[in-house]
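Let's take a walk through this structure together, starting with the overall layout and then stopping at two places that reward a closer look.

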Amino acid sequence: MANRRCLQTLTRHLSYLLSPNPSLNSIPPQILTPKLLNTLTSSPKCPQTSTKISSFRRHFCSKPPNISDGDDDDDETDFDDDDVESNSEPRREYTQEEKEQEAAEIGYKVMGPLQRSDRVFKPYEPVFAVIQIGSYQFKVSNGDSIFTEKLKFCEVNDKLILNKVMLLGSKTQTIIGRPILPDAAVHAVVEEHALDAKVLIFKKKRRKNYRRTRGHRQELTKLRITDIQGVEKPEVVPILKTEKKGAKKVAVAA
């Protein structure tokens, strides 16, 4: 097989040298080597041959490319960035009404950034509430911090009002919603947007050489509860320290 290929190559070169009107453009670029190029250009039979040759191409596939004898120019085409369609979908632009509506469905309302003059952090009050954010419920009190799935349309240091309050409770009163309390509200501040710990997803099919390992980190939003409204708050009575009376030792006279 190797001898046959060498014989075919030599026959093709010889037929070119003996042709009356040789032309370099009629030779495929796969067989036009630098050594053959020097031989052809130095031959007296082709004094007007041009040394301008199309760029060599390497094709990393078993099937050879289609070669057209009449096309002298390269078949390469320039692709503009506008012509290439990206698979990633463009980000949707929300209007202010759509933002408020979607945030209300999740269970919160953005009130704006936190100002320096705001005094939102108050001392502890013996009141708790059960709120719903998305599909999760949390039992919170004044000063607690919770992690929820990432909330859109809010940034760090934004003030939020959590509208979906399911239950309110204190020492003297308990209010249960059906299912939501319309007059209750829980105020919170966005402290940070963070990522949860990585979760590994491993899939395997035995005897199939199939193993897949993927990782996922859920985006979270940290909220700090600042106030609970809609329930009677008992007055906090300061605890006074009582002085312990020392036992007096009575000396019994013998």
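**From the whole chain to two local sites**

Keep in mind as you look that this is a predicted model. The chain contains 3 helices and 11 strands, and along the sequence they follow the pattern α-α-α-β-β-β-β-β-β-β-β-β-β-β. Of the 254 residues in the chain, 22% are buried. The accessible surface comes to about 21100 Å², with 50% of that belonging to carbon and sulfur atoms. If you count contacts between residues at least 6 apart in sequence, 66% of them join residues at least 24 apart.

Now turn to lysine 164, in the loop between strand S5 (158-162) and strand S6 (165-170). Which side chain of opposite charge is nearest to this buried lysine? That is glutamate 105, but it is 7.8 Å away, and lysine 164 has no salt bridge. A salt bridge would need the side-chain nitrogen within 4 Å of a carboxyl oxygen. The backbone of glutamate 105 offers something else: its oxygen lies 2.7 Å from a polar atom of the lysine 164 side chain. Leaving aside residues up to four places away in sequence, lysine 164 touches Ala104, Glu105, Ile106 and Gly107, along with Val130, Ile131, Gln132 and Ile180.

For the second stop, go to helix H1 (residues 2-17), where you will find leucine 17. Is this leucine buried or partly exposed? Leucine 17 counts as partly exposed because its relative accessible area is 32%. Together with Leu14 and Leu18, Leu17 forms a nonpolar patch on the surface, and the three share about 280 Å² of accessible area.

Notes
Residues are numbered from 1 along each chain as its sequence is written. This is a predicted model: local features need pLDDT of at least 70, side-chain atom pairs count only at pLDDT 80 or more; totals for chains, interfaces and linings use all residues. Side-chain values use heavy atoms; hydrogens and water are left out. Helices (H or I, at least four residues) and strands (E, at least two) are DSSP runs, numbered from the N terminus. Buried means under 20% relative accessible area, exposed over 50%, partly exposed in between (1.4 Å probe, protein chains only). Lys and Arg count as positive and Asp and Glu as negative; His and the chain ends are not counted. A polar contact is a pair of N or O atoms within 3.5 Å; within protein, one must be able to donate a hydrogen and the other to accept it, and residues adjacent in sequence count only if both atoms are side-chain atoms. Contact means heavy atoms within 4.5 Å. Patches are made of residues with over 30% relative accessible area and no salt bridge: like charges are joined within 9 Å, nonpolar side chains (Val, Leu, Ile, Met, Phe, Trp, Tyr) within 5 Å. Accessible areas come from the Shrake-Rupley method with a 1.4 Å probe; for residues, only the protein chains shown count as cover.
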